[in-house]
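Me: Hi! Could you walk me through this structure? I'd like to start with the overall picture and then go residue by residue.

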Amino acid sequence: MGKKAQAAKAKKASRKRRDPLKIGVLISGSGTNLQAIIDAIAAGKVNAQIVKVLSSRPDAYGLKRAEEAGIPTVALNRDVYKNAGAANKMIADEMLEAGAEYLVMAGYMRMVGAAVLDAFPDRVVNLHPALLPSFVGAHAIQDAFDAGVKVTGVTVHFANAEYDKGPIIAQKAVPVREGDTVDDLEARIHAVEHKIYPKVVGWLADGRVSIDENRHVVIAGK
């Protein structure tokens, strides 16, 4: 199927969807991107429902954000992750039972495994604080800053079995300004994340996102 046909298919799907897209969110920390999605849904900007929030850490502040929004939560811990396969099966089972259609990784600091990817094929979304394929890994902001680049940014992509790879859905450049500290850059990147992630979830909720035969993402109406 060509790009035009794929875009037409996605556009047709966007007209059909009326019910909120059910999403599960995976977190590990403070949950600021989770909060941005919660706020966008509450404001009527995103036609989605967060059916469950799962954290890799029981002390993650994002769990409190979810609870305050009335969203069911589940917290895992290091002991659970000693068996990565079992942990990923638990995640998949929890989210399938909750009725999630997509999984959204919002600061989830572990790689999802086969059990999750197989349960949600091309429906696991990740946010990375750099312009992939540059600066992969957990220290992307510091790495970009140390490299002295003048522009870095944010990437939203579908997760796959390779770390920080998978079809790219959206990217937004963030300038590195003269006199910036790494904290300045991090704050500017997070501000962009809080805008781009709810926007992408909105595209998914409207059925506008598809993947063509070349494994490239097509956004209908863009």
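Reply: Happy to. Helices and strands here are DSSP runs, numbered from the N terminus, where a helix is H or I with at least four residues and a strand is E with at least two. Keep in mind that this is a predicted model.

Me: Thanks. How many helices and strands does the protein have?

Reply: There are eight helices and nine strands.

Me: And what is the radius of gyration, next to what a compact globule would have?

Reply: The protein has 17 Å, and a compact globule with 222 residues would have a value near 17 Å, so the two agree. Taken along the principal axes, the C-alpha atoms fill a box of roughly 50 × 45 × 35 Å.

Me: What share of the residues counts as buried?

Reply: Of the 222 residues, 47% count as buried. One example is Gly-153, which sits in strand β6. Gly-153 counts as buried because its relative accessibility is 0%, and the cut-off for buried is under 20%.

Me: How far is Gly-153 from Gly-44?

Reply: Their C-alpha atoms are 27 Å apart in space, and the two glycines are 109 residues apart in sequence.

Me: Let's switch to backbone oddities. Which peptide bond is cis?

Reply: The bond from Leu-132 to Pro-133 is cis, with omega near 15°. Pro-133 lies in the loop between β5 (124–128) and α7 (140–147).

Me: What else is in that loop between β5 and α7?

Reply: Phe-135 is found there too, between β5 and α7. Its phi is near 55°, which is a positive value in a residue other than glycine.

Me: Is Phe-135 buried or partly exposed?

Reply: Partly exposed, because the relative accessibility of Phe-135 is 24%.

Me: Which other residue, besides glycine, has a positive phi, near 65°?

Reply: Arg-215 has a phi near 65°. You'll find Arg-215 in the loop between β8 (209–211) and β9 (217–219). With a relative accessible area of 42%, Arg-215 is partly exposed.

Me: Nice, and which residue does the side chain of Arg-215 meet in a salt bridge?

Reply: That would be Asp-122, at 2.7 Å from N to O. This pair links distant parts of the chain, 93 residues apart, with Asp-122 in the loop between α6 (114–119) and β5 and Arg-215 in the loop between β8 and β9. Asp-122 is partly exposed as well, with a relative accessible area of 32%.

Me: How many salt bridges does the count come to?

Reply: Eight salt bridges. Another one joins the side chains of Glu-178 and Lys-150, at 3.5 Å from N to O. That pair also links distant parts of the chain, 28 residues apart: Glu-178 is in the loop between β7 and α8, while Lys-150 is in the loop between α7 and β6 (151–158).

Me: Why do Glu-178 and Lys-150 count as exposed?

Reply: Because Glu-178 has a relative accessibility of 72%, and because Lys-150 has 55%. The cut-off for exposed is over 50%.

Me: And the bridge between Arg-57 and Asp-59, what is its N to O distance?

Reply: The side chains of Arg-57 and Asp-59 meet at 3.1 Å, N to O. Arg-57 counts as partly exposed because its relative accessibility is 40%, whereas Asp-59, at 55%, counts as exposed.

Me: Moving on to the surface. Which residues form a positive patch?

Reply: Lys-172, Lys-195, Lys-199 and Lys-222 form a positive surface patch. Lys-199 belongs to helix α8 (residues 182–205). With a relative accessible area of 49%, Lys-199 is partly exposed, since exposed needs over 50%.

Me: One last residue: where is Pro-175?

Reply: Pro-175 is in strand β7 (residues 168–175). At 37% relative accessibility, Pro-175 counts as partly exposed.

Me: And how far apart are the C-alpha atoms of Pro-175 and Phe-135?

Reply: They are separated by 15 Å, with the two residues 40 apart along the chain. Phe-135, you may recall, is the residue with phi near 55°.

Terms used
Residues numbered from 1 in each chain as written. Predicted model: local features only at pLDDT ≥ 70, side-chain atom pairs only at ≥ 80, totals over all residues. Heavy atoms only, no water. Patch = residues over 30% accessible without salt bridge, like charges linked within 9 Å, V, L, I, M, F, W, Y side chains within 5 Å. Areas by Shrake-Rupley, 256 points an atom, 1.4 Å probe, with all protein chains shown as cover. Salt bridge = Lys/Arg side-chain N within 4 Å of Asp/Glu carboxyl O. Lys, Arg positive; Asp, Glu negative; His and termini not counted. Charge placed at Lys NZ, Arg CZ, Asp CG, Glu CD. Buried < 20%, exposed > 50% of the residue type's maximum accessible area, 1.4 Å probe, protein only. Rg over C-alpha atoms; globule rule 2.2 N^0.38 Å.
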